[in-house]
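Welcome to this short tour! Please open the structure in your viewer and keep the selection tool handy.

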Amino acid sequence: MRGEALGPVKAKCPIIGEVQEILKLGAKIPLIVCGDFNAEPTEEVDKHFASSSLNLNSAYKLLSPDGQSEPPYTTWKIRTSGECRHTLDYIWYSRHALSVTSALDLLTEEQIGPNRLPSFHYPSDHLSLVCDFSFNEEPDELL
């Protein structure tokens, strides 16, 4: 059955199962999977990406001071229940094929401002994650 080994993770992040199915067909293409996964680094979605057979690494984790930590936040907003600061957005990439050469710095608390996100200067409630990648080998040799 498709995605059976993923259990409850597939329900939260079906893209993992879909990509694994494509790769079972013999495609060895370099992958970049990014987006708002609505999951903190401690949740199963993040753990599954990090330990999946896709051999993916998190770009912003790699670029952290210790090389092991996700950013402290990728969204920071004020709700009626209080201030919410979470890491929910990620850029995952094929570590066998790609290397991160640079990344956009995340905004500081001072840059975001006291009203948090969204704001006049930053119209999204999530920060922009941007990375430059280079191929580890010639692209034709990866396929």
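Is C34 buried or exposed? Select C34 and show its surface: the relative accessible area is 53%, and because exposed means over 50%, C34 counts as exposed. Keep in mind as you look around that this is a predicted model.

**Stop 1: the cysteines.** Does C34 have a bonding partner? Let's see what the cut-off says. A disulfide needs two cysteine sulfur atoms within 2.5 Å, and by this rule the count comes to 0 disulfides. For C34, the nearest cysteine sulfur belongs to C131 and lies 9.0 Å away. Now click on C84. With 16% relative accessibility, C84 counts as buried, because the cut-off for buried is under 20%.

**Stop 2: strand β5.** Select residues 89-94, which make up strand β5. In this strand, 6 of the 6 residues are buried, so β5 is largely enclosed by the rest of the structure. Turn on the side chains here. In a regular strand, side chains alternate between the two faces of the sheet. On one side of β5 you will find D89, I91 and Y93, and on the other Y90, W92 and S94; both faces are covered.

**Stop 3: the neighbours of β5.** Add residues 32-36, which form strand β1. Strands β1 and β5 are antiparallel partners, joined by 5 bridges. Look for D36, which sits opposite D89 of β5. Next, add strand β2, residues 56-58. Strand β2 also runs antiparallel to β5, with 3 bridges between them. To finish, find L56 and look across to S94 in β5, which stands opposite.

Methods
Residues are numbered from 1 along each chain as its sequence is written. This is a predicted model: local features need pLDDT of at least 70, side-chain atom pairs count only at pLDDT 80 or more; totals for chains, interfaces and linings use all residues. Side-chain values use heavy atoms; hydrogens and water are left out. Buried means under 20% relative accessible area, exposed over 50%, partly exposed in between (1.4 Å probe, protein chains only). Helices (H or I, at least four residues) and strands (E, at least two) are DSSP runs, numbered from the N terminus. Two strands pair if DSSP finds at least two bridges between them.
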